[in-house]
Amino acid sequence: MGRSGWWEGWPWRLVQTNLREIDMVDIDADRYVASLRDLDATVAMINTSGIVASYPTALPFHTQSAFLLGDDLAAIIEACHAADIKVIARTDFSKVRHELYEQHPEWASVRADGAVIEDAGDVHVCPSGGYQRECAPRIIEETITVLDVDGIFFNMAGFQTHDYRGVDHGICHCEACVAAFREMFELPLPTSRDVEDEVFRRYLLFQDRTIRTSKERMDALIRRLRPDLAIDRPSDDLGGFVRQESSTALDRTPPEWPYSASANTKWVVSSLPRTVSSNSSVDFVDYPVRHVSVSPDRQRLRLVQSLANGGGLDHYVIGRLDDRADRSALAGVRDVFRFHAAHEEDYRDLRSCSRIALLTGRHGSTDEFRGWFRTLAEQHFLFDTLLVDRVSGSLLSHYAAVIVPDHEPIADDVATTIDRFVEDGGAVVATGRAGWRDAALEPRARPALACLGIERIREVRDEVRGAYLAVDDHTGFPGLADTDLVFVDGMYIDAEYRPGARGLLQLIPPGPFGPPERCVLPADTGEPGIVVCSFGAGQAIYVPWRCGAMVDRHGQTNTSSFVADVLEHHVGLERVGGNLPAMVEVTLSERSDGEGLLLHLVNGSGAWGGTPPIEIRDVEVVIRSIAEPSDVTGLVAERRLDSHTAKDGLTIRIPELGLFEAIRIERA
């Protein structure tokens, strides 16, 4: 495994002050540190390098700020260290100042029409070009040898196609991209961005290879020069941190995804055990509104979701903390940071107790994933999310079931690992087009997962709006006891299955839905709504439609009850019991020494509007398979909680639940 880094076990409470050049005119190191200590921050992220050098640089291609009149970065970093605050250097190599571009026009990203992308005097530069390939490593070398930083963050890494106004400029057509793509695949650049276009699929592979090669080279340089640094999204297995954001946007279609911080945190914690999940709660409303904070209650909820799912705390502001125009969010951030500071030991060295793994990945189906995530959370199943690319036999050994939510690209070795997991007694639930493409996004002749029992795809019906599934046996679907129908919207896959596979819930094709006099259901087709297939010692359940996407789009209990019944009564998975409302998210972690558990209840009832959560009284939660504890304490309420153990598990009573409760369960 290699050496341990300082970040492993560090109480991670990060504040990013995204300093403007003018902030350096009169910045005072002591006042800066005092503002961080007021929030109990343990990590600071400070701009150092890239578009602008915030320290005196000796490199001719590193534009030095003209505003370095206050305390210098070296003094600020020294003051942070004296206060036991680690410092992460924020770098950004996505752009250069226009004056530098004029000297090196070949560095720029170029649109299909030949125009370069310029914004506020900054010109976008391409990862294929000389600036990112040759100059950026030299800037990093100077930064980490001149400044005593503790980590490095790369902002806006990769191929950027959008500017800060959200304008999509398309893929880069610079000479370096044209030449490199032709050398790699002997093809011209694609003319469309459609995954069905073979050239575009090659282009996505080109992007991945270019970025991976560059990142590996940069990380190797950092490890050689400063092996003590925490690296953002490290390309090796030595760990570091993964920085993501929970944010709002003016033009984003409402409602906001209420589980943003939870979803961002889960996959990092579960897939990269030596890496800190640092999901930032972005202070401002959107890029054009950088100086007004979002709702304080939304900030609190994001931070608590990160904490409950095993991540660190992270808050991001524009400018300094000591001269903010809008200070409305800081009190809520301070409350959550101080709670964590008071209970650092309770959050150290935790591991999830979940037995369900929900797979995710960069080329997955977002709406299908979100629908499954929402159903699992609101039906109170304990679950993790795993990156498809990180799936291994050792990781899957922690789980009883794996969910593959319409995730098309699955590598051959990952598919083999999942099949072996089922053969050894595990369960898999897959939907839609799971495994229909390989890791390079190339279509397969047949789905990759043998456990699903699919012999042949006869037809993909892209639109079956108005179709239903007939529930002719409610014993396996008690959540549908009062309905004989499940509605299907969107895609349905007609397939031929292996002998012995059992089809349940018969498809009723679309029929007349108007006028009312014609609304008569057609006869069912005999095609299944789900297929159950034994495979070795385990079983696989295939849903030939996108039930998760329907939950995400419509949120009807008709669909979510179907999904919950599949998990509970056909896979045999248990939910957390009690009287918890759907909007209370539950997570359970165990201390690595095995001496205790930490149960979180997160009240998301204000999530949809960013409003205060509704206080819930007389909450009861039942956790199965837990022996009689020696002590049960609510860390938020700061008191022992009433509990008892019976055959159905440990029951804990919480008199009132505000935003969240963290419950420490000590084993006897």
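A salt bridge is a side-chain nitrogen of Lys or Arg within 4 Å of a carboxyl oxygen of Asp or Glu. The close-ups below come from a predicted model.

**View 1. R591 and E666 join two strands through a salt bridge.** The side chains of R591 and E666 come to 3.5 Å, N to O. That distance falls within the 4 Å limit, so the pair counts as a salt bridge. R591 belongs to strand β27, residues 584-591. E666 belongs to strand β34, residues 660-667. The two parts are 75 residues apart in sequence, so the pair ties them together. R591 is buried, at 18% relative accessible area. E666 is partly exposed, at 21%. The cut-off for buried is under 20%, so R591 and E666 receive separate labels.

**View 2. A salt-bridge network includes R433 and D406.** Through shared partners, salt bridges connect E196, D367, D406, E408, R433, R437 and R546 into one network. Within this group, R433 and D406 meet at 2.9 Å, N to O. Their salt bridge links distant parts of the chain, 27 residues apart. R433 sits in the loop between β18 (427-431) and β19 (454-461). D406 sits in the loop between β17 (401-405) and α12 (412-423). R433 is partly exposed, with 24% relative accessible area. D406 is buried, at 2% relative accessibility.

**View 3. D219 and K215 pair inside one helix.** Both residues lie in helix α6, which covers residues 198-225. They are 4 residues apart, about one turn of the helix. The closest N and O atoms of their salt bridge are 2.8 Å apart. D219 has 1% relative accessibility, so this residue counts as buried. Side chains of opposite charge can pair when their charged atoms come close. The structure holds 59 salt bridges, and the D219–K215 pair is one of them.

**View 4. C135 has no disulfide partner.** How many disulfides does the structure hold? The count is 0. For C135, the nearest cysteine sulfur is that of C126, 14 Å away. A disulfide needs two cysteine sulfur atoms within 2.5 Å, so this distance rules out a C135–C126 disulfide. C135 is buried, at 8% relative accessible area. Another cysteine, C519, is partly exposed, at 42% relative accessibility.

**View 5. The largest cavity has a lining without charged residues.** The structure has 3 cavities of 30 Å³ or more. The volume of the largest cavity is about 90 Å³. Its lining is made of 15 residues. Nearest the centre of the cavity lie S109, V125, P127, F159 and Q160. Which classes make up this lining? There are 7 nonpolar and 8 polar residues, and no charged ones.

**View 6. The second largest pocket has a lining of 19 residues.** This pocket holds about 410 Å³ of space. C353, R355, L382, E574 and R624 are the lining residues closest to the pocket's centre. By class, the pocket lining has 11 nonpolar residues. A further 3 are polar, and 5 are charged.

Terms used: Residues are numbered from 1 along each chain as its sequence is written. This is a predicted model: local features need pLDDT of at least 70, side-chain atom pairs count only at pLDDT 80 or more; totals for chains, interfaces and linings use all residues. Side-chain values use heavy atoms; hydrogens and water are left out. Buried means under 20% relative accessible area, exposed over 50%, partly exposed in between (1.4 Å probe, protein chains only). On a 1 Å grid over the protein atoms alone, a cavity is a set of points where a 1.4 Å probe fits but cannot get out, and a pocket is an open set with protein on both sides within 12 Å along at least five of seven lines; lining residues have an atom within 4 Å of a point. Grid points are joined across faces, edges and corners, and a volume is the space filled by probe spheres set on the points. Ala, Val, Leu, Ile, Met, Phe, Trp, Tyr, Cys and Pro count as nonpolar, Asp, Glu, Lys and Arg as charged, and the others, Gly among them, as polar.
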